[in-house]
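Work through the exercises below with the sequence and coordinates open. Try each task before reading its solution.

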Amino acid sequence: MPFPFLQDVSKHQRRAKLSSLFAGVLFGFGWLVFLDASAWSGHFKTADGWKIVWINGSPLALATVFLIALNLLDIDDLRQARYEYGLGGRGKWSVCWICVSSCIGFAAVACSIALLSQSASEQQKDDDSWLAGTAVCGCLFIVVAALVFWVGKGHEVTPL
């Protein structure tokens with residue numbers, strides 16, 4: 001086994017550890033791509049540049065909120081939602097929570113794509129378009145990282 005910390009664990013624990021490792025790499029890479037592009041473009045040197053970085057970085061912050069909101073939810077609560085009636089059970093509120101967090105995640109991706117199309121349609125500098133493009137890539141990396149981490153932390157491999 002290439003990873004010594006995975007030798008004495010069961011299969012679902014191994015999957016959870018590897019998925020959290022992979023999700024962390026994707027999350028870090030998403031932010032790194034955006035911050036590297038914003039530093040390379042020279043936007044940190046002017047006051048207007050900070051505003052551009054702030055606007056283009058807001059979808060990444062929203063995707064990070066999606067990552068946190070989705071991972072507060074336990075998959076077992078969704079499994080219990082099938083057997084509960086009414087709004088009193090924890091499972092039904094979990095379904096509501098996953099809908100809200102999914103809306104946040106997809107809004108982050110849509111917002112970053114809208115910012116990219118706006119910067120591409122206006123006659124701005126190429127650096128602004130690159131910054132918006134890396135915001136889309138970073139946002140997609142963070143959303144995929146959230147999904148990988150959430151699916152990987154399930155206790156057993158049983159269908160919902």
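The exercises below concern a predicted model.

**Exercise 1. Overall fold**

Task: State how many helices and strands the protein has, and what pattern they follow along the sequence.

Solution:
- Step 1. Count the elements. There are five helices and zero strands.
- Step 2. Read them in order. The pattern is α-α-α-α-α.
- Step 3. Turn to the contacts. Take those between residues at least 6 apart in sequence; 73% of them join residues at least 24 apart.

**Exercise 2. Surface and burial**

Task: Find what share of the 160 residues is buried, and what share of the exposed area carbon and sulfur atoms supply.

Solution:
- Step 1. Of the 160 residues in the protein, 36% are buried.
- Step 2. The protein exposes about 9700 Å².
- Step 3. Carbon and sulfur atoms supply 70% of that area.

**Exercise 3. A nonpolar surface patch**

Task: Identify which residues join Ile68 in a nonpolar patch on the surface.

Solution:
- Step 1. Place Ile68. This residue is found in helix H2, residues 47-71.
- Step 2. Check its exposure. Ile68 has a relative accessible area of 49%, so it is partly exposed. Patch membership requires over 30%.
- Step 3. Name the partners. Leu72 and Trp97 complete the patch with Ile68.
- Step 4. Give the area. Together the three residues have about 330 Å² accessible.

**Exercise 4. Aromatic pairs**

Task: Determine how many aromatic pairs the structure holds, and classify each by its ring geometry.

Solution:
- Step 1. The structure holds two aromatic pairs.
- Step 2. Take Phe29 and Phe141. Their ring centres lie 5.1 Å apart and their planes meet at 70°, so this pair is edge-to-face.
- Step 3. Locate both rings. Phe29 sits in helix H1 (residues 11-41) and Phe141 in helix H5 (residues 126-152), so the pair ties together parts 112 residues apart in sequence.
- Step 4. Check exposure. Phe29, at 39% relative accessibility, is partly exposed. Phe141 is partly exposed too, at 27%.
- Step 5. Take Trp31 and Phe34. Their ring centres are 6.4 Å apart and their planes are at 80°, so this pair is also edge-to-face.
- Step 6. Locate this pair. Trp31 and Phe34 are three residues apart in helix H1, so about one helical turn separates them.
- Step 7. Check exposure again. Trp31 is partly exposed at 24% relative accessibility, whereas Phe34 is buried at 2%.

**Exercise 5. Two polar side chains**

Task: Decide whether Ser101 is buried or exposed, and do likewise for Asn71. Then find the backbone oxygen that each side chain reaches.

Solution:
- Step 1. Ser101 is found in helix H4, residues 90-121. Its relative accessible area is 1%, so Ser101 is buried.
- Step 2. The side chain of Ser101 reaches the backbone oxygen of Ile98 at 3.2 Å.
- Step 3. List the neighbours of Ser101, leaving out residues up to four places away in sequence. They are Phe66, Ala69 and Leu70.
- Step 4. Asn71 is found in helix H2. Its relative accessibility is 15%, so Asn71 counts as buried. The cut-off is under 20%.
- Step 5. The side chain of Asn71 reaches the backbone oxygen of Leu67 at 2.8 Å.
- Step 6. List the neighbours of Asn71, again leaving out residues up to four places away. Asn71 touches Ala146, Phe149, Trp150 and Lys153.

Definitions and conventions. Residues numbered from 1 in each chain as written. Heavy atoms only, no water. Patch = residues over 30% accessible without salt bridge, like charges linked within 9 Å, V, L, I, M, F, W, Y side chains within 5 Å. Areas by Shrake-Rupley, 256 points an atom, 1.4 Å probe, with all protein chains shown as cover. Salt bridge = Lys/Arg side-chain N within 4 Å of Asp/Glu carboxyl O. Helix = DSSP H or I, 4+ residues; strand = E, 2+ residues; numbered from the N terminus. Buried < 20%, exposed > 50% of the residue type's maximum accessible area, 1.4 Å probe, protein only. Phe/Tyr/Trp six-rings, centres within 6.5 Å; stacked < 30°, edge-to-face > 60°. Polar contact = N/O pair within 3.5 Å; in protein donor to acceptor, adjacent residues only side chain to side chain. Contact = heavy atoms within 4.5 Å.
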